[in-house]
Amino acid sequence: GWVWVHSERRLFARTGAWADQEDYGGDLELGIEQRELFLDGNRTELSVFGSRGKFSSLLGFRATYGVQLAMLHWSGSYEYFQSNQLGFTDDNDDLNHHRLLGNLDLTRDSGWNLSLRGGLERWSDKTAGVAGFYLQRSF
C-alpha cells in the first residue's frame, strides 16, 4: 500500500509470503517516492527491504531515479543487500551484493513498445553483466 504525505511525496510498503515443499518465509519493503526532484516528469525512490526464509535472510536498500518524457521513459537504480545463508560455515555464509541497472522504454502511438535493460552485478568477488530487451505491440 501507499499514502501521499505531500503533493509530490508518498510513502509505500510492500510485503509478501511464500511456502513450498522445502522453504517458507516472507519479505518486506518500506520506501519513499519523491516526484519532480531535479527535472519535470521525474521520480526518485529510496527504499529498504528484507527477506527471511528457512535457509536464508537478506537486508538491503535501493535507490532509483527515472524520468518520463512524452513516449520515452528511462531510469537507473542502485541496489545493495547482504545475504546470509543459514547452515554454511562462518567464512562462507555472508554475501554482499551490488546491482546497478538501467532501463529505457519507448512507446509509440502505433501500439509498439520497446524496452531495453542492462546492468552490472557484483557479489563477493564475482561480477556479471545483465542485458535484455522486450518488444511488444498492443492493439
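Okay, let's start in the middle of a sheet: Leu-30 has Val-48, over in β4, as its bridge partner. Before I go on, keep in mind that this is a predicted model.

So, what surrounds that pair? Strand β3, residues 24-35, and strand β4, residues 42-53, run antiparallel, with 11 bridges between β3 and β4. They make a hairpin with 6 residues in between, and in that turn Glu-36 has a positive phi of about 55°.

Now go to the other neighbour of β3. Strand β2, residues 9-19, is also antiparallel to β3, and 11 bridges join β2 and β3. The connection here is a hairpin through 4 residues. If you want a spot to click on, Trp-18 stands opposite Gly-25 in β3.

Zooming out, how many helices and strands does the chain have? It has 0 helices and 9 strands, so to speak a one-letter topology: β-β-β-β-β-β-β-β-β from the N terminus on.

On to overall shape. For a compact globule of 139 residues you'd expect a radius of gyration near 14 Å, but this chain comes in at 18 Å. The C-alpha trace spans about 55 × 35 × 30 Å along its principal axes. Of the 139 residues, 26% count as buried. For contacts between residues at least 6 apart in sequence, 33% join residues at least 24 apart.

Then the surface. The chain exposes about 9,600 Å², and carbon and sulfur atoms supply 59% of that. There is a nonpolar surface patch too, with about 900 Å² of accessible area together; its members include Leu-69, Met-71, Trp-74, Trp-112 and Phe-133. Which elements give two or more residues to the patch? Those are β7 (94-107), β8 (112-123) and β9 (126-137), with β8 giving the most, at 3 residues.

Let me pick out one patch member, Trp-74, which sits in strand β6, residues 72-85. Is Trp-74 buried, partly exposed or exposed? Partly exposed, because its relative accessibility is 33%, and the partly exposed class runs between 20% and 50%.

Last stop is an aromatic in a loop. Phe-88 is found between β6 and β7. At a relative accessible area of 48%, Phe-88 counts as partly exposed as well. Phe-88 and Phe-55 are 33 residues apart in sequence, and their C-alpha atoms are 9.7 Å apart in space.

That's my tour; happy to rotate the model if anyone wants another look.

Conventions:
Residues numbered from 1 in each chain as written. Predicted model: local features only at pLDDT ≥ 70, side-chain atom pairs only at ≥ 80, totals over all residues. Heavy atoms only, no water. Patch = residues over 30% accessible without salt bridge, like charges linked within 9 Å, V, L, I, M, F, W, Y side chains within 5 Å. Areas by Shrake-Rupley, 256 points an atom, 1.4 Å probe, with all protein chains shown as cover. Salt bridge = Lys/Arg side-chain N within 4 Å of Asp/Glu carboxyl O. Buried < 20%, exposed > 50% of the residue type's maximum accessible area, 1.4 Å probe, protein only. Rg over C-alpha atoms; globule rule 2.2 N^0.38 Å. Contact = heavy atoms within 4.5 Å. Pairing = 2+ DSSP bridges.
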